[in-house]
Each structure stands twice: as C-alpha cells, then as structure tokens.
Amino acid sequence: MMKAQTIEEKQYLVRFNADTKSHLHVLDPNICLTKCPDKICTIFCPASVYKWEEVRMHVGYEGCHECGSCRIGCPYENIQWEYPRGGYGIVFRLG
Ligand code: SF4
Ligand code: SF4
C-alpha cells in the first residue's frame with residue numbers, strides 16, 4: 001500500500017514558472033484596511049499568497065496554486081483573479 005504523502009511532499013511536486021506581472025489584484029486596499037478585520041484571505045489561501053503587513057496586503061502571486069478560492073472567498077469580492085498568462089503559473093510534476 002502506498003504511504004500517504006505529507007503536504008510538504010505534495011508541494012514538492014509543484015513548481016512555478018512565475019510571470020513578471022501579477023494575475024491577482026486587490027482591487028481596493030482600503031477595504032482590507034477598514035472593513036475586513038479577519039483578513040480571511042490570509043487563512044483560506046493554501047499557498048499563503050496573502051500576507052498582511054501592518055497596513056497593506058502583500059500579494060505573493062508567484063506562489064499561487066491557481067485553486068480559485070480567492071475568487072469566492074473574499075467577503076467583499078475585492079480580489080480580481082485571472083489565470084496566469086499562457087506558459088506561466090503552476091506546473092505539476094507527476095511521480
Ligand atoms: S479577504 Fe478580501 S477584503 Fe479581506 S483582507 Fe483579504 S482581500 Fe481584503
Ligand atoms: S487562487 Fe488559491 S492559491 Fe492562488 S491566491 Fe487564490 S486562494 Fe491562493
């Protein structure tokens with residue numbers, strides 16, 4: 001029987017071809033600052049792309065797993081999400 005993989009082992013199977021242009025945009029930083037005390041994007045994103053830095057949201061788009069959660073997870077629909085441009089973004093390795 002195959003041994004269950006740890007998250008770290010699974011993450012080893014992905015690599016990234018990062019674009020120089022972000023495919024993720026926080027539309028209104030002021031909403032994050034004033035209306036969203038829980039900053040739940042910093043919790044639901046499996047790749048820890050969103051990091052709150054005192055007064056602003058840092059978006060580490062290069063590590064995005066393209067799961068799409070932030071399209072529906074932000075209570076203010078404040079994240080514009082697109083697939084990375086062709087050839088960029090996550091690459092899955094098998095085995
Ligand atoms: S969940 Fe949305 S509104 Fe809240 S901090 Fe994240 S991007 Fe901003
Ligand atoms: S698409 Fe998924 S991995 Fe990428 S930033 Fe949104 S929640 Fe994080």
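Trainee: In the hairpin of S3 and S4, which residue takes a positive phi?

Mentor: This is a predicted model, so read each angle as a computed value. Look at the turn of the hairpin, where two residues sit between the strands. Glu54 is the residue with a positive phi, near 60°. Glu54 is not a glycine, and its phi is positive all the same.

Trainee: Is Glu54 buried or exposed?

Mentor: Count C-beta neighbours inside 10 Å. Glu54 has 5, so it counts as exposed, the limit being 12 or fewer. Its place is the loop between S3 and S4.

Trainee: How many bridges join strand S3 to strand S4?

Mentor: Four bridges join them. S3 covers residues 50-53, S4 covers residues 56-59, and the two run antiparallel. For a cross-strand pair, take Trp52, which stands opposite Met57 in S4.

Trainee: What should I expect of side chains along a strand?

Mentor: In a regular strand, side chains alternate between the two faces of the sheet. Now take two residues of this hairpin. Met57 belongs to the largest nonpolar core. His58, in strand S4, is exposed because only 12 other C-beta atoms lie within 10 Å, and 12 or fewer is the cut-off.

Trainee: Which residues does His58 touch?

Mentor: Leave out residues up to four places away in sequence. His58 then touches Lys51 and Glu53. For a longer span, compare sequence with space: His58 and Gly86 are 28 residues apart along the chain, and their C-alpha atoms are separated by 24 Å.

Trainee: Where does Ser48 lie?

Mentor: Ser48 lies in the loop between helix H3 (41-44) and S3. Its phi is near 50°, a positive value in a residue other than glycine. Ser48 has 10 other C-beta atoms within 10 Å, so it is exposed.

Trainee: Which residues make up the largest nonpolar core?

Mentor: There are twelve. The cysteines are Cys32, Cys41, Cys45, Cys64, Cys70 and Cys74. The others are Val26, Val49, Tyr50, Met57, Tyr61 and Ile79. For the chain as a whole, 14% of the 95 residues count as buried.

Trainee: Why does Cys70 count as buried?

Mentor: Cys70 is buried because 21 other C-beta atoms lie within 10 Å, and the cut-off is 20 or more. Cys70 lies in helix H4, residues 69-73. Beyond four places in sequence, Cys70 touches Cys41, Cys45, Ile79 and Trp81. Cys74 is in contact with Cys41 and Ile79, again leaving aside neighbours within four places.

Trainee: Which residues come nearest to ligand 1?

Mentor: Start with the shell, then pick out its nearest members. Of the 13 residues around ligand 1, the nearest are Cys32, Cys36, Cys41, Cys74 and Asn78. By class, the shell divides into eleven nonpolar, one polar and one charged.

Trainee: Which residues are around ligand 2?

Mentor: Among them are Cys45, Cys64, Cys67 and Cys70. Leu24, Val49 and His65 are also in that shell. The class count is eight nonpolar, three polar and one charged. Cys45, Cys64 and Cys70 belong to the largest nonpolar core too.

Trainee: What pattern does the protein chain follow along the sequence?

Mentor: Read helices and strands in order: α-β-β-α-α-β-β-α-β-β. That gives four helices and six strands. The C-alpha trace spans about 50 × 30 × 20 Å along its principal axes. Now check contacts with a separation of 6 or more: residues 24 or more positions apart account for 68% of them.

Definitions and conventions
Residues are numbered from 1 along each chain as its sequence is written. Chains are lettered from A and ligands numbered from 1 in the order in which they are written. This is a predicted model: local features need pLDDT of at least 70, side-chain atom pairs count only at pLDDT 80 or more; totals for chains, interfaces and linings use all residues. A residue is near a molecule or strand if its C-beta atom, placed from the backbone, lies within 6 Å of it. Ala, Val, Leu, Ile, Met, Phe, Trp, Tyr, Cys and Pro count as nonpolar, Asp, Glu, Lys and Arg as charged, and the others, Gly among them, as polar. Two residues are in contact if their C-beta atoms, placed from the backbone, lie within 7 Å. A nonpolar core is a set of buried Ala, Val, Leu, Ile, Met, Phe, Trp, Tyr and Cys residues joined through C-beta atoms within 7 Å. Two strands pair if DSSP finds at least two bridges between them.
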